[in-house]
Amino acid sequence: MTHAQRRVGLVLARASRVLGEEPYYHEFLEGLERVLTPAGVSVLVKVVTDRAAENETYERWAAEERADGVVLVDLTSEDDRVALVHRLGLPAVVLGAPSTASGLPTVWTDDDGYAREAIRFLAERGHKVIGHISGPMSFVHTQLRREGTEAEAAARGLRLLHGEGDYSYESGRAVITGLLGGGPTAIVCDNDLMALAVLDELRERDLAVPHDISVVAWDDSAQCQLAVPQLSAMSHDVGRIGELAARALLDAMAGAAPAVYQAPTAHLVARESTR
């Protein structure tokens, strides 16, 4: 494969993560391409329905020499993709905790610490019963966020209500329905789509945001800023995370030793959805 033909791949193994619906990956891909395109590397993106199809994609890309490297996202404990890319000799970068990487470079975000910050932000505004709508609990970053919310809530004597979604709008509406019976005065959602769903569900129930319930989104995006009311959000520099992943991939493709690339520090942006 010549230099001009180099490609790297990103596979999203979740039907809800269609690029047209999830702003995070637009920004992430823009960051990837800002670094990779000048280096003569293009990006392949494929959306599949499950992990088996994702693994088949890596097998095919390696066999057909269609990809020189890949970005792995949504890692689980003892994730089989890590062993697979090692076996295939496919350079890879993990977007997630170094504990999941087993010899691969990682771009790491402090999910535990930022989850604590979200709960602390709400506690300091007087909330004592807080709902947390997480992503799938099989993902290590979800587990870290859950641990962070629980630790901060326990330290402050708060009651924490849990609900598990799948990052889709539909799951956000379904989960908030179950949490309302616990009497939360604030809800933290693990992405922007679920937070937007919560706003719509609360509006239909004649519950005012933030007067009755405050809402915080995990991913800040244009949708958070355009929502009514505007959503408070944990803001990450997603484009910069994409740039770091691209640089890590270029290093891996050049044979560099695995390293941990620290993502920029996130911060909570307070807007109209929290009182």
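**Exercises on backbone geometry and burial**

Asp74 lies in the loop between strand E3 (69-72) and helix H3 (80-88). The model used in these exercises is predicted.

**Exercise 1.** State what is notable about phi of Asp74, and determine whether Asp74 is buried or exposed.

*Solution.* Step 1: phi of Asp74 is near 55°, a positive value in a residue that is not glycine. Step 2: buried means under 20% relative accessible area. Step 3: the relative accessible area of Asp74 is 8%, so Asp74 is buried.

**Exercise 2.** Carry out the analysis for Ser102, giving its phi, its location and its exposure class.

*Solution.* Step 1: Ser102, although not a glycine, has a positive phi of about 45°. Step 2: Ser102 belongs to the loop between strand E4 (92-95) and strand E5 (106-108). Step 3: exposed means over 50%; Ser102 has 56% relative accessibility and therefore counts as exposed.

**Exercise 3.** Locate the cis peptide bond that joins Val209 to a proline and the one that joins Val228 to a proline.

*Solution.* Step 1: Val209 is joined to Pro210 with omega of about 10°, and Pro210 sits in the loop between helix H7 (192-204) and strand E9 (214-217). Step 2: Val228 is joined to Pro229 with omega of about -5°, and Pro229 sits in the loop between helix H8 (222-226) and strand E10 (232-235).

**Exercise 4.** Test the span of helix H1 (residues 23-36) against expectation, and name buried residues in H1.

*Solution.* Step 1: at 1.5 Å a residue, the 14 residues of H1 should span 20 Å. Step 2: the end C-alpha atoms of H1 are 20 Å apart, which agrees. Step 3: the buried residues of H1 include Tyr25, Phe28, Leu32 and Val35.

How values were computed: Residues are numbered from 1 along each chain as its sequence is written. This is a predicted model: local features need pLDDT of at least 70, side-chain atom pairs count only at pLDDT 80 or more; totals for chains, interfaces and linings use all residues. Side-chain values use heavy atoms; hydrogens and water are left out. Helices (H or I, at least four residues) and strands (E, at least two) are DSSP runs, numbered from the N terminus. The expected span of a helix is 1.5 Å times one less than its number of residues. Buried means under 20% relative accessible area, exposed over 50%, partly exposed in between (1.4 Å probe, protein chains only).
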